[in-house]
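Could you walk me through how to read a structure like this one, feature by feature? I'd like the general idea and then the case at hand.

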Amino acid sequence: MSNIDYFKFENKDLDFPVYDKNPHIPKSGWIVLLIAMFAGFIMQGITGNEMIDAILFCFIILIPLLYYLKWDYKALFQKPKAKEIGLAVALFVGYMIYSIVLGSVLDYFAFTATSPIEGVAITAASIPPLLFSLMGEELVKLIPFLFFLRLFYKYSNNRKLSIVAAMLLVMVFFAMLHLMDLHSLPSVLLMQGLGSIFEFYGYIKTKNVFISYITHLCTDAFIFAMIVVGFV
C-alpha cells in the first residue's frame, strides 16, 4: 500500500483490517456479524439488569468479530498513547461545541429531536454500564464500516474513496438508529449522524477503536453526569 493511498492525517504505520483481505472474511462471516449486531440490540433490556445487558450487548458483537479476525485483537485495539488520548479528548470538546451550536440552530427551526433517554430515570448507577454499551455502539458502527469499505474497495481499488463512502453510509445508518419520528430526521442526521465524524476521525487517524470509544465515552458520560447533578 503506497502512502498516496492514505489521507495525510492518518497513521501510516497501521491499516484497517479486512478490506484488503487482511484477513479475508467470507460471505457467511459477514452474515454472522450482521446477525450478531442485531442480536446484541435485542439483548438490551432482556435481563432487567443494566450492567449485564450492556456486557451482553458488547460481547455478543465483539466475540464473533475477533473470531473472524483470527483473535488478533491488535487489529482493533492498541494501548492508547498519551497524544492519542489527548486527541480523543479534543474531539470530545469539538463535538460538544458542534452539538451546542447546531442544537441552537435546530431549536430555532424547531427540529430538535426527542432524546431517547427522555423520561428514563438516570442515576449515578447508569454510568458504569456505559463502559460496555458504548463499546458495543462503536462496534455497531465499525462492522458496517469495514463491510462497506471492503465492498467499495473491491470494485474501485480506491482506498480514500472507499473510506469516505463507507463512513457516510454508516453515518446515515447510525443516525437512523436514533430516529424517533420523521420530524426528528434533520436532527438525528446532523447530530448523531454527521456528529459521529469526530469519532470517525479518531478511528481513521489511529486505527484504534479505543480512541473513538474514549471520545464517545467522554460525551455520554458528561451528558449523564450533567443529568445526575441536575444541570440538564
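What follows is a short dialogue between a learner and a teacher.

Q: Before we start, what kind of model is this?

A: This is a predicted model, where local features need pLDDT of at least 70, side-chain atom pairs count only at pLDDT 80 or more, and totals for chains, interfaces and linings use all residues. Residues are numbered from 1 along each chain as its sequence is written, and side-chain values use heavy atoms, with hydrogens and water left out.

Q: How many helices and strands are there in the protein chain?

A: Helices (H or I, at least four residues) and strands (E, at least two) are DSSP runs, numbered from the N terminus. Here you get 8 helices and 0 strands. The radius of gyration, taken over C-alpha atoms, is 18 Å, close to the 17 Å that the globule rule (2.2 Å times the number of residues to the power 0.38) gives for 232 residues, so the protein chain is as compact as a globular protein of that length.

Q: And what size of box do the C-alpha atoms fill?

A: Roughly 50 × 40 × 40 Å, taken along the principal axes.

Q: How much of the protein chain is buried?

A: Buried means under 20% relative accessible area, exposed over 50%, and partly exposed in between (1.4 Å probe, protein chains only). Buried residues make up 43% of the 232 residues.

Q: Where does UniProt place the feature "transmembrane region"?

A: Such annotations may be inferred rather than shown by experiment. The unreviewed UniProt entry puts this feature at several spans, including residues 29-46 and 185-203. In the model, residues 29-46 are 83% helix and 0% strand, with end C-alpha atoms 26 Å apart. Residues 185-203 are 84% helix and 0% strand, and their end C-alpha atoms lie 26 Å apart.

Q: What should I know about backbone angles?

A: Most residues other than glycine have a negative phi, and most peptide bonds are trans. In this model, the peptide bond from Asn22 to Pro23 is cis, with omega near 0°. Pro23 sits in the segment before helix H1 (27-43).

Q: Which residues have a positive phi without being glycine?

A: Val18, at about 80°, and Lys21, near 55°, are among them. Val18 is found in the segment before H1, and Lys21 lies in the segment before H1 as well.

Q: Are Val18 and Lys21 buried or exposed?

A: Val18 has 2% relative accessibility, so it counts as buried. Lys21 has 54% relative accessibility and therefore counts as exposed.
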